[in-house]
Amino acid sequence: MNTQVLPPTKEALELASELLRNGQLVAFPTETVYGLGANALDEAAVRGIFSAKGRPADNPLIVHVSDAASAEALCQLTPDARKLMAAFCPGPLTLLLPKKNCILPVVNAGLPSVAIRIPNHPVAQALLHASRLPIAAPSANVSGRPSPTTAAHVRYDLHGRIPLILDGGTCQVGLESTVLDMTTNPPNLLRPGGISPEMLLTVLPEVRVVDSVLRPMQEGEKPLSPGMMYRHYAPEAKLILVKGQPGHVCNRCEALYREATEQGVSVRILVFEEHLPLYGEHPHLVPLGSLGNLEAVAQLLFSLLRQMDEDGAQLLLCEVPEPKGIGLAILNRLCRAASFCMEDADQ
Ligand code: TXA
Ligand code: MG
């Protein structure tokens, strides 16, 4: 199959809508990452998403709608859900809500809840309006790879498997939406994202960040979100996270770097700008961005991980941010990409 990559002109949006109505897949930009969309009411089309991505069938999808009124056709909107939507939607927030009957089991893996999101991106909104369909869409990457934040990333992963990619440039947030389960009391935050727990607490009295956000699943543990079971966001290279005081982290990274380099391994050290001077002249330092602007770090993170693969890096040593604000989402993605391999340089 030939994969077209088109700027989001009126004609391209019409073509995209027609493809969706005909049961085909279309990749499109959102403010978080690119999505791989299908008509959420078409079972065969939704199945196509799973085969294009190589995604396990028990991992449910997010349904994208243009506004709260369209959400109401698909799920039960609780008073707190309405408040959150008024505060943060359209935006990088996905709510798990009791599903209505029209939700196909293939979309939500037969669960009692459905994930609903109102994206804040002009192209995603234009596509929802033009097609007048609810759009089921996971991130538009091959399962397990870092989510795509440019059309080129989508093309790299899904070239030949889908007919159309709408190119809306680089995604602004760069990490997937916050997933909040509104069917529990207090609501469970299953995946941190652009809407931080601190922001949610301006609307809700309580939010529980589930432990598995920053630790591996225990053996036999039932995942609260099926997506948590899988190794995720992972580059080809092995990733080791190094935490602790910046001076200690620098020493540990340099020791690990020397050891691996002696064995002929191609290594990169990913460092926050503030700590670059600690490393002095070093051939394989990669700036992560500034600790003072973690939003920019989030926006570039997946792109950077993909770039490391293209450069042929085999081992990545990476500093970590504090788990506050968007830092929690960055740390969560890094932990998963590293399969939770983290060294404590203070010890
Ligand atoms: O920002 C985003 O959320 C992007 C853009 C395209 O909207 N989408 C995205 O979708 O990241 P995906 O499929 O890669 O991640 C959805 C996550 C998965 O971890 C899935 O397990 C979880 O949401 N999820 C979806 N429905 C669920 C449900 N009913 N119960 C529990 N977890 C659910
Ligand atoms: Mg994904």
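This briefing describes one helix pair and the nonpolar cores of a predicted model. Residues are numbered from 1 along each chain as its sequence is written, chains are lettered from A and ligands numbered from 1 in the order in which they are written. In this predicted model local features need pLDDT of at least 70 and side-chain atom pairs count only at pLDDT 80 or more, while totals for chains, interfaces and linings use all residues, and side-chain values use heavy atoms, with hydrogens and water left out.

**Packing of α1 and α6**

- Helix α1 (residues 10-21) packs on helix α6 (residues 122-131) at an angle of about 55°, and their axes lie 9 Å apart.
- The two helices α1 and α6 are therefore oblique to each other (neither under 35 degrees, nor over 145, nor 65 to 115), and the crossing of α1 past α6 is right-handed.
- In this contact (heavy atoms within 4.5 Å), α1 contributes Leu-13, Ala-16, Ser-17, Leu-20 and Arg-21, whereas α6 contributes Val-123, Ala-126, Leu-127, Ala-130 and Ser-131.

**Nonpolar cores**

- The largest nonpolar core (buried nonpolar residues, under 20% relative accessible area with a 1.4 Å probe, joined through side-chain atoms within 4.5 Å) has 48 residues, of which Leu-36, Leu-84, Leu-95, Ile-116, Ile-162, Leu-180 and Leu-200 touch the most other members.
- Elements giving two or more residues to this core include β3 (35-39), α4 (79-88) and β5 (93-98), and the largest share, five residues, comes from α2.
- Leaving aside residues up to four places away in sequence, Leu-95 touches Ala-81, Leu-84, Met-85, Val-114, Ala-115, Ile-116, Leu-180 and Met-182.
- Another core, of 29 residues, lies apart from the largest one and has Tyr-233, Leu-288, Leu-304 and Cys-335 among its members.

Terms used:
Axes are lines fitted to C-alpha atoms, for helices over the stretch in contact, and angles run from 0 to 180 degrees between N-to-C directions. Helices (H or I, at least four residues) and strands (E, at least two) are DSSP runs, numbered from the N terminus. A crossing is left-handed if the near helix is turned anticlockwise from the far one by less than a right angle, and right-handed if clockwise. Buried means under 20% relative accessible area, exposed over 50%, partly exposed in between (1.4 Å probe, protein chains only).
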